[in-house]
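Q: I'm new to this one and would like a close look at a single part of it. Could you walk me through one strand and its surroundings?

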Amino acid sequence: QVQLVESGGGLVQAGGSLRLSCAASGRTFSRYNMYWFRQAPGKEREFVASITWNGGSTAYADSVKGRFTISRDNAKNTVYLQMNSLKPEDTAVYYCAARGPGSREFDYWGQGTQVTVSS
């Protein structure tokens, strides 16, 4: 079992930065590819960024490319999302998720952390 707990959300002005963290319990964290998703009010949950189990490959949604950076520290069982040049449209609840090797679905989800960007 893996439990995911996000933190680092908050209120920030447009153009500002935040760093989200997702701390995982369990000793098998390094096996999982990790993802960040977000869901704005009235909208569907959308993919933001992903990173492979060893950090060797990352991917980003076009809307955040060049502004957000995903990283992980397997020694600390934590994945990060550095968010720079934030825009009001980045306002959402941000979730981290874990998917194991060979899994077709996401195995674990966090509870989410609110990010609000004021104009």
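Q: How many bridges join strand β7 to β8, and do they run parallel or antiparallel?

A: Six bridges join strand β7 (residues 68-73) to β8, and the two run antiparallel. Before going further, a word on what you're looking at. This is a predicted model, where local features need pLDDT of at least 70 and side-chain atom pairs count only at pLDDT 80 or more, while totals for chains, interfaces and linings use all residues. Residues are numbered from 1 along each chain as its sequence is written, and side-chain values use heavy atoms, with hydrogens and water left out.

A few terms help too. Strands are DSSP runs (E, at least two residues) numbered from the N terminus, and two of them pair if DSSP finds at least two bridges between them. In general, strands of a sheet pair through backbone hydrogen bonds, either parallel or antiparallel.

Now for β8 itself, which spans residues 78-83. Five of its six residues are buried, so the strand is mostly covered; buried means under 20% relative accessible area, exposed over 50%, and partly exposed in between, with a 1.4 Å probe and protein chains only.

On the β7 side, I70 has L81 of β8 as its bridge partner. These two strands form a hairpin with four residues between them, and N77 in the turn has a positive phi of about 55°.

Then there's strand β3 (residues 18-24), also joined to β8 by six bridges and also antiparallel. Here you can pick out facing residues: L18 stands opposite M83, and R19 stands opposite Q82.

Put the strands together and you get an open sheet of four, in the order β1-β3-β8-β7, with antiparallel pairing. β1 (4-7) and β7 stand at the edges with a single partner strand each, so one side of each is left without a neighbour in the sheet. On average, neighbouring strands of this sheet are turned by 15° against each other, direction ignored; the axes behind that value are lines fitted to C-alpha atoms, and angles run from 0 to 180 degrees between N-to-C directions.

One last stop is T113, found in strand β11 (residues 113-118). T113 counts as buried because its relative accessibility is 11%. Leaving aside neighbours within four places in sequence, T113 is in contact (heavy atoms within 4.5 Å) with several residues, including E6, S7 and L20. Recall that β1 covers 4-7 and β3 covers 18-24.
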